[in-house]
Amino acid sequence: MIRIYNTLSKKKEDFIPLEEGKVRMYVCGPTVYNFIHIGNARPMIVFDTVRRYMEHKGYEVNFVSNFTDVDDKIIKKANEEGVSAEKISGRYIEECKKDMEGMNIRPATTHPLATQEIDGMIDMISSLMEKGYAYAVNGTVYFRTRRFEEYGKLSHKNLDDLQAGSRSLLISGEDEKEDPLDFVLWKPKKEGEPYWVSPWGDGRPGWHIECSVLSRKYLGEQIDIHGGGEDLVFPHHENEIAQSEACSGMEFARYWMHNAFLNIDNRKMSKSLGNFFTVREISEKYDLQILRFFMLNAHYRSPLNFSAELMEASKNALERIRTAVDNLKYITEHASACELTEEEAKFIKETDKFEADFDRSMDDDFNTADAIAAVFDLVKFANTHAAEGSSRAFAQALSDKIQSLCDILGIITEKKEELLDADIEELIEERQAARKAKNFARADEIRNLLLEKGIILEDTREGVKWKRA
Ligand code: AMP
Ligand code: ZN
């Protein structure tokens, strides 16, 4: 039985799906105005792993994750570059998908865009108005927060404390609201911004309504799991609950899961603090499998500090698994005996316990750190018991077992053949040095070696340039 820590109840609960054998899950995706940073990658890796484990347990998972493609930051970037907001979001959605592929994050069942569902948002806002949960003032529509009696149930905040905290909003020009706790569902257009026609005037939707509508459209009124980073608990997810439940009269999501932050120097990694690395930058130095492995070495609810040392440690640890798989492959290819011996059959039976440990860890609120420990126990077992005299069937079975556990975690055990940017640059430097020393044979050798890997060098006046073929 899978148990999930539910932010709503602050407890681990047994996972019982709404519909037998099926999981409906929604994860808030990124706002696409730049390359994603490795903090944004954490929820992607975490929930991709949740999905993979659910599938391993036999569930059919309908996984929806949006791209927020209308937002102040996108509009700002578009104005800076003198292009449309659509151009900016389109570009960074493509880049995000490339990064996801590098981290072996499977595409969601559906990746809806906010701008594709504006009609649905207008519909939901209209029905909230009909039910008395929303009102329009001067082209802005607000949600009447106090009308939704359970407001605060996810973030465990009480309305009066919130009221005290939101007084500053009154000063910031939102005094047309009935109550400082009310939040925006629709806002009027500003000069130079994209807009859509609505019953309340031209404008665009607020951020929170997007997820309520996309989730309902692709997964129905009730879903099993809703996920995102812990910064989204309040106000974003609290507001999603208010909108969806006020509209449907039903519980929106059964289990609310939130990953803790990725920090750097023990401070939250964020765009506004400027202390972030993009996934793309990391990919120049490391195979992105190492980043994924690094993230899964911590429990998703524990804060995780990013450092070069920890990445190096992850690189070495992953290498240990890969070397074991390589050795087993070698044995499989060179074995003289095919069938399992009686003793080997007994050993294979013994490995069941590592798989059981793995599942037990994952069942316990997706404890990937302990699950990885079980993978290492299996690796150690394989290293101890498989050797050159082993049968092909034995080496193959051990290798299959290691790979199938890694596959649940989305870790690829095959070594990446492709050269990293940093390796290429190092080789180019070596070639330059060889040329300087008039060692042309070595210089040509490097050029050919790079060519074999699909890297084309171009000697220009500004120095050597390279590209991938
Ligand atoms: P955003 O594009 O800011 O809306 O963020 C997209 C997702 O990344 C959300 O689920 C955030 O909670 C999550 N996120 C942003 N920064 C971090 C971080 N440093 N660590 C973990 N998750 C993060
Ligand atoms: Zn959301």
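Select Cys28 and His236 to begin: both residues are buried. The model in the viewer is a predicted one.

Next, show the zinc ion (ligand 2). Its donors are Cys28 (SG), Cys211 (SG), His236 (NE2) and Glu240 (OE), at 2.0 to 2.4 Å. Along the chain, these donors of the zinc ion (ligand 2) are spaced as C-x182-C-x24-H-x3-E. Cys28 sits in the loop between strand 3 and helix 1, whereas His236 belongs to helix 8 (residues 233–248), so this pair ties together parts that are 208 residues apart in sequence.

Now display the angles at the metal. The 4 donor atoms around the zinc ion (ligand 2) subtend 75 to 126°. The arrangement is irregular because a tetrahedral assignment needs all angles between 85 and 135 degrees, and the range here starts at 75°.

From the donor Glu240, move to Ser212, in helix 7 (residues 207–219). Is Ser212 buried or exposed? Ser212 is buried, because its relative accessibility is 1% and the cut-off for buried is under 20%. The Ser212 side chain reaches the backbone oxygen of Glu240 at 3.2 Å. Neighbours within four places in sequence aside, Ser212 is also in contact with Met124, Gln243 and Ser244.

Finally, go back to strand 3 (residues 22–27) and add strand 4 (residues 60–65): the two run parallel and are joined by 6 bridges. To see one pairing, select Lys22, whose bridge partner in strand 4 is Glu60. Then add helix 1 (residues 38–56), which together with strand 3 and strand 4 makes a right-handed β-α-β unit.

Terms used
Residues numbered from 1 in each chain as written. Chains lettered and ligands numbered in written order. Predicted model: local features only at pLDDT ≥ 70, side-chain atom pairs only at ≥ 80, totals over all residues. Heavy atoms only, no water. Helix = DSSP H or I, 4+ residues; strand = E, 2+ residues; numbered from the N terminus. Buried < 20%, exposed > 50% of the residue type's maximum accessible area, 1.4 Å probe, protein only. Polar contact = N/O pair within 3.5 Å; in protein donor to acceptor, adjacent residues only side chain to side chain. Contact = heavy atoms within 4.5 Å. Pairing = 2+ DSSP bridges. Right-handed = clockwise from strand over helix to strand, strands pointing away. Donors = N, O, S within 2.8 Å, 3.2 Å for Na, K, Ca; no water. Tetrahedral: all angles 85-135°; square planar, octahedral: opposite > 155°, others 65-115°.
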